[in-house]
Amino acid sequence: MRIPKIILLSLSLLIGLYFLVILTLNQSLHVFNRDNNSVNLQEFEQQNVTSVDYHWAVLLNYNIVSDNKYNYVVLSQVDSKLKVISLDDALNNVILFSNLPLLLLGIFAIGIPFYITRKQKRKLDKSLEVVNDETNKLLAAFNIVPPKVEQQNTISKLSLALIELNKQINEQQHKNIISQHQDKLTGLIDRHAYLQHLQTQLELAQSLNKKQALLFIDLDGFKQVNDSFGHSFGDEVLIQVAQRLATVVRNRKLSHFAPTLGLELSLSRLGGDEFSIFIEDLHDDNLPIEVAQNVLQEIEGDFVLGNKLIKIGASIGIAIYPDSAANPNTLLQMADVAMYRAKTDGRGIYRVYSPEMGNKMRRYHYLLEEMRLAMTSQNFSLSFQPIVNVHDFSIDYFECLVRWHHPTEGSISPAEFIPIAEDSNLILELGNWILIEACRQMAAWYNAGMNKVRISVNISGVQLAHTPLYDWVMETITKVGLPPKALLLEITESCFIDASENVISDLEKLRQAGVLIAIDDFGTGFSSLSTLANLPVDVIKIDKLFIDQANINPKYEKILNSISGLGKTLELKIVAEGVETAPQFELVKKLGIDCIQGYLISRPETSKDVGSKMISKNVNHIAMTGTGVYAPQTAKAPVVQIKVG
């Protein structure tokens, strides 16, 4: 067992002090005896005192005697006479005749700093213990077990712990750096890191006067995978796509690997289902096309997820540096433009950027900004086109159509601005305005007596995907005071294909509340008419294409006849769109189609024109029947007999 240093030091000090006192006492007694100082001296007869033995007395040159009351030190003896001094007096006066004060001062001079040092050391040790405890907590948090060393003290433990923590921090910093540049799902670099790499490579290409290329890859059919199988399946597809693209990059020797990050810089996931491949050295003009073909081939292969087999495709846009653009963001944007052209031209293909595509993109962004301004400036308006019964031309419902009158360009076709609104999600704001204004107008007509007429509003696929349909519609019609039976919603056939279970459920709830649902542009989307049996619809609107071709191609007439029969079987109302001539009218009437819509009856008109043409001139008829009459325009169809009843 080791004895602490403080104990050894204390014992040594006490022993030294003990001998020092004895020595000093001996010297003092010698002084008293030499100087014959009689201040405290006494005389005794030898027979009146007895000798006393103390263990320390052996160190003195004088004897110790006692008169049974006090102890005395014998300074001298003459015959039986003893000259003595009281031991107490000797000890009391010893300090006057020695260096003891100086010694004690020295002891204090050494002892006090020593004491202070020891106290500080104890505080330091306590602080080190606290730091050690906190360090141990950190070690436990990082699951670090430092190596054990024999005869460890607090400092050595802390030293080892800090070394291990430093290693862990360096590893974590490296992971954080990678994480800042990496897509969490696929492990590819993200858009920001990719653009940084492009900037470096384009600057290098400029100095070396060489061409480079960029592929913008967007998956086709990925949304259907997410909607049908869930996001976990969608994520797995994205992971497998990233792996297949990495294989293409390696096989084509396009790799640019960053050792410090451990990441491939020539392949990126830009976001969602968008990826990009960068070709640093375009030594062959056909190389981007060959790479695009490899990518299409890889992605068109089957994706196996559990027990499911999934097929998707891709559309690819290619941009060339410096022909297409000279900076990373613009190069990526031009490749994006080319990719959209590929989607427009049929999907599953690639397109190389050309200036003509850029003109369309500039037009796109121009109209997008103008539409945002038009929303705040209220440059949009509504027109209403009647859909009438083929027998008496009574109005079944009005279709509400949005119109945009630009302050400098004049009227802009919905065929141009609606797709842009849908692509930018601006259709959500615009569609909300259309529904409110259409329902407000219909509420006014309803209160004016047209309680057998409905207002029809078109709903886009974007609205179906982002808006809780039932709550939105019911809240709107309640707000404007329009009964559900006065509203009809038109949804294109293609939107029904992508509709989720929630959308179908909301449509069914709206039907139960009294709102009618129509399939618009019927005949252009479904592969099987049998799917109609499972859809919550009340009205089928036959696409104008069939009406235009029916009098020319007998096959189209047969299709129209089949649709009419199908409608009767399923108890659905059939509406023929785009009826513009008398022969078309006679044909659809012969086929048993219920209602018609088209220029033969009326072009879309403002609410003011509808009011002046119909309501003001047919007040009595509206009061009796709850609806009005729109007869064919005589210039269009002079042979048609109009029967109003």
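Start your tour by selecting Pro 322, which sits in the loop between β13 and α9. (Helices, H or I of at least four residues, and strands, E of at least two, are DSSP runs numbered from the N terminus.) Zoom in on the link to the residue before: Tyr 321 and Pro 322 are joined by a cis peptide bond, with omega at about 0 degrees.

A quick word on what you're looking at. This is a predicted model, where local features need pLDDT of at least 70 and side-chain atom pairs count only at pLDDT 80 or more, while totals for chains, interfaces and linings use all residues. Residues are numbered from 1 along each chain as its sequence is written, and side-chain values use heavy atoms, with hydrogens and water left out.

**Step back**

Show the whole protein chain. Its secondary structure comes to 21 helices and 23 strands. Of its 645 residues, 43% are buried (under 20% relative accessible area; exposed is over 50%, partly exposed in between, with a 1.4 Å probe and protein chains only).

**Strand β13 and its partners**

Now select residues 313-321, strand β13: 9 of its 9 residues are buried. In a regular strand the side chains alternate between the two faces of the sheet. Here both faces are covered, with Gly 313, Ser 315, Gly 317, Ala 319 and Tyr 321 on one side and Ala 314, Ile 316, Ile 318 and Ile 320 on the other.

Add strand β6, residues 212-220, which runs antiparallel to β13 and is joined to it by 9 bridges. (Two strands pair if DSSP finds at least two bridges between them.) Look for Ile 217 opposite Ile 316 in β13.

Next, add strand β14, residues 350-352, which pairs with β13 in the parallel sense over 3 bridges. Gly 317 has Arg 351 in β14 as its bridge partner. To get from β13 to β14, follow the chain through helix α9 (residues 328-344); this β-α-β crossover is left-handed. (It would be right-handed if, with the strands pointing away from the viewer, the path from the first strand over the helix to the second ran clockwise.)

**An open sheet**

Move on to the open sheet of 5 strands, ordered β1-β5-β4-β3-β2 with antiparallel pairing. At the edges are β1 (41-45) and β2 (50-52), each with a single partner strand, so one side of each has no neighbour in the sheet. Zoom in on β4 (residues 71-78) and β5 (residues 81-86), an antiparallel pair with 6 bridges. Here Tyr 72 has Ser 86 in β5 as its bridge partner.

**Two helices and a serine**

Select helix α11 (residues 414-423) and helix α12 (residues 426-447). Their axes come within 5 Å and cross at roughly 115 degrees (axes are lines fitted to C-alpha atoms, for helices over the stretch in contact, and angles run from 0 to 180 degrees between N-to-C directions). Phe 417, Ile 418, Ala 421 and Glu 422 in α11 meet Leu 426, Ile 427 and Leu 430 in α12; contact means heavy atoms within 4.5 Å.

Keep those helices on screen and add Ser 460, in the loop between β18 (454-459) and α13 (461-466). Ser 460 is buried at 8% relative accessible area. Leaving aside residues up to four places away in sequence, Ser 460 touches Glu 422, Ile 427 and Cys 495.

**Two positive phi angles**

Jump to Phe 393, in the loop between β15 (380-389) and β16 (395-406). Phe 393 isn't a glycine, but its phi is positive, near 60 degrees. Is Phe 393 buried or exposed? Phe 393 is buried, with a relative accessible area of 1%.

Finish at Asp 521 in strand β20 (residues 516-522). Asp 521 has a positive phi of about 55 degrees, although it is not a glycine. At 26% relative accessibility, Asp 521 counts as partly exposed.
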